[in-house]
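Me: Please take a close look at one part of this model, namely how its side chains of opposite charge are paired. I should like one connected explanation, suited to a first-year student.

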Amino acid sequence: MNIVPLFAAILFSVLGVYICYDYRRFNKNVIKTQGKIISYDEYFSKDNDNIKRKMYRPYFEVTVNKQTYSVKSKTSFHSKVIPIGQYVDVLYQKGDEGNARMANSNGVGLGLLFLVLSIPAYYFGLFHE
């Protein structure tokens, strides 16, 4: 048994299950509307290769019941893929409009990716020495 791949497998599994659960929980009672991209937050992030890359996190506005909310997206991109001023589909839960999400952001696919990546890690952690 090799502890490092086993630890990675457990971490990937837990992360994958949490992302899938959060996606399902959030999408259970969402309302879909339009939001407008108002700006981008620029920051640097290091990749696995230790290379710094500029990332862009959009801010969008969504108006619900004549009240406008400015929301920072939970998803970042390598470029400004959505022009400022463009409207996008936004999902929100009634009573929690300030926690709205862009409809095309990372969803269950990211959770499934982590679950799939945990399979070879379990193999190397349990059966490979």
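Reply: Let us begin with E42, which counts as partly exposed because its relative accessible area is 40%; in this scheme buried means under 20%, exposed means over 50%, and partly exposed lies in between (1.4 Å probe, protein chains only). The model is predicted, so local features need pLDDT of at least 70 and side-chain atom pairs count only at pLDDT 80 or more, whereas totals for chains, interfaces and linings use all residues. Residues are numbered from 1 along each chain as its sequence is written, and side-chain values use heavy atoms, with hydrogens and water left out.

The partner of E42 is K80, and the two form a salt bridge in which the closest N and O atoms are 3.4 Å apart; the term requires a side-chain nitrogen of Lys or Arg within 4 Å of a carboxyl oxygen of Asp or Glu. This pair links distant parts of the chain, since E42 belongs to strand β1 while K80 sits in the loop between β3 (67-72) and β4, 38 residues apart. Helices (H or I, at least four residues) and strands (E, at least two) are DSSP runs, numbered from the N terminus. K80 is likewise partly exposed, at 42% relative accessibility.

Salt bridges that share partners also join D22, R25 and R101 into one network. Within that network, the side chains of R25 and D22 meet at 2.6 Å, N to O. Both residues lie in helix α1 (residues 3-27), three residues apart, which is about one turn of the helix. Their surroundings can be described through accessibility: R25 is partly exposed, with a relative accessible area of 35%, whereas D22 is buried, with a relative accessible area of 14%.

A further pair is made by K32 and D89, whose side chains meet in a salt bridge of 3.5 Å, N to O. Because K32 lies in strand β1 (residues 30-46) and D89 in strand β4 (residues 87-93), the pair ties together parts that are 57 residues apart in sequence. K32 is exposed, with a relative accessible area of 55%, while D89 is partly exposed at 31%.

The general idea behind these pairs is simple: side chains of opposite charge can pair when their charged atoms come close. A search of the whole structure finds five salt bridges, among them R25 with D22, K32 with D89 and E42 with K80.
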